[in-house]
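Dear colleague,

Please find below the sequence and the structure that I am handing over to you. My notes on the cavities and on one helix pair follow.

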Amino acid sequence: MMRILKRFLKFLTSRLFVIGVLLLFQITVYIMLLFYLNQYVIYIQGLFWGLSFILILYLFSKPGSPSAKLPWLLLLAAVPLVGVPFYIICGTSDVHVRYKRSLKQSLLQTEKLHVQDEVVADALKKENIVRYREADYIFHTTKMPVHQNTMVTYFPLGDLVWVTMLEKLKQAKHFIFIEFFIVAEGLMLDSILEILVKKVKEGVEVRFMYDDIGCLQTLPNRYYKKLQEAGIDCVVFNPFSPVLTVGHNYRDHRKICVIDGYIGFTGGFNIADEYINQKERFGHWKDSAIMLEGEAVWNQTITFLENWDFTKKTRSNFADYGPFRYHPQAFTFENDGYVQPYSDNPLDQELVGESVYMNILNNATDYVYITTPYLIVDHEMITSICLAAKRGVDVRIITPGIPDKWYAYLMTRAYYREFIEAGVRIYEYTPGFIHAKNFLSDDVVATCGTINMDYRSFYHHFECGCWMYQGSVIQQMKEDFMETFSKSKEVSLQWCKKRSILVRLIQSIFRIFSPLM
């Protein structure tokens, strides 16, 4: 009884509960205000209907996916009193002027440092013009060039990348950059912090950044101060405040670890014990990651520093952290295909993460294998996936067998029938939850990173990934895919048709409003 009481008191005093109460208070005040103004209902309704009409015209003329616009159009047309203020608060995206200005300053600063090696680009162009265009798209939209002179190691489980990352952190001599969406207290974090504290004492520069909403339930309030007291330079991305604003939509979903400028990690894993299967939450946790060693890490360094400078309002000297500055054998990296780490942000009107996936689908001739924890996609992605399957490409998608969020699982399954009828093969990972975000195609091209196949990753989050052509990593990823298929259950069309009418009705409603979730 005392244990339950303590947990209840802890919840009542938690930051999450306080924020929830304050947000509920703001919503209540808004509703009460509407009732108070009820005596002027004719004028208010006329005003909101007029604003709704203007916003609907604006939405129709605004570039973007019809799928993302549909729920707003329905809300504005059906319930203007709710739709108008909700859209003004949450539907606009051009609000972070500070970030855009900071990003522009970073790009100007790195213009001479972060350029495409024409020798590498020409070599890729001669080898495969189709893949060159994929890489060229990434370069022109993100300013992230494609590299050679980089080794890539693939990790099929978070358990494995954790061990290797600890080893590489121990070898750091000059600097360590860490940026993660979720950081949770436990074995994984403790093992990393133990090394970071030692490295600070050795004179290594350590920068640590985490997302505030991502860590809302996993870290104590003001946890960054604890790290700062240990000598770690720590900042929180987009601190959450109990005010209704569109800014809360923009979260730092990236996972980056850079060591001395020439070793870099990224993938689906976060710093929490479930990602390394030291804590069971949804069965076996299947994640993935890659380690880069060489020139391509420079792209990850730039990505980290851009966000760091924006968050901390500082100006880093990017040239101090290049891959050649601290490498023990300068300018001598092994070559393992073409490697292009890239970033995506929700403020440039360019859906880089989704476009990279669609380019791979559109250019596939033999197969495309996909792993994703969520399959909640817009009309454009549905078209690309179905078209690839209809023209004879073997498209296979692996989703979780055990969900982490019931509503996301329900929405994910809502797309199964449409895909299967088009010829796509859907698998569910039987042992548990698959969190990896991987694409592999035709034994030649792949991408691994943080980008889920859902609206939040495509439209609202700061993300990162790594496009790879040729190299040993392709075969490593294919072996992992084949093993994962063997542990997964294929979903049949018959199973989809047997789902109850009620479930299908709920799924249809969820699909309409999925861009808002």
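**Cavities and a helix pair**

In this predicted model, the largest cavity is lined by I256, T266, L292, Q300, T303, P341, Y342, S343, C464, G465 and C466. Three elements each give two or more residues to this lining: α12 (297-312), β10 (338-344) and β17 (461-469). By class, the lining of the largest cavity holds 6 nonpolar and 5 polar residues, with no charged ones. The volume of the largest cavity is about 60 Å³.

How many cavities of 30 Å³ or more are there? The count is 2. The second largest has a volume of about 40 Å³, and its lining consists of P373, Y374, P400, P403, D404, K405, A408, Y409, T412 and F433. Helix α15 (residues 406-413) contributes the most to that lining, with 3 residues. Here the classes are 7 nonpolar, 1 polar and 2 charged residues.

I would also draw your attention to two helices. Helix α9 (residues 158-170) packs against helix α10 (residues 187-201) at an angle of about 10°, and their axes are 10 Å apart. Because angles under 35 degrees count as roughly parallel, α9 is roughly parallel to α10. On the α9 side, the contact is made by W162, M165, L166, L169 and K170; on the α10 side, by L187, M188, S191, I192, I195, L196 and K199. The residues of this contact between α9 and α10 comprise 9 nonpolar, 1 polar and 2 charged.

Yours sincerely,
A colleague

Conventions:
Residues numbered from 1 in each chain as written. Predicted model: local features only at pLDDT ≥ 70, side-chain atom pairs only at ≥ 80, totals over all residues. Heavy atoms only, no water. 1 Å grid on protein atoms, 1.4 Å probe; cavity = no way out; pocket = protein on both sides within 12 Å on 5 of 7 lines; lining within 4 Å. Points joined across faces, edges and corners; volume = space filled by probe spheres on them. Helix = DSSP H or I, 4+ residues; strand = E, 2+ residues; numbered from the N terminus. Nonpolar A, V, L, I, M, F, W, Y, C, P; charged D, E, K, R; others polar. Axes fitted to C-alpha atoms, helices over the stretch in contact; angles between N-to-C directions. Parallel < 35°, antiparallel > 145°, perpendicular 65-115°, else oblique. Contact = heavy atoms within 4.5 Å.
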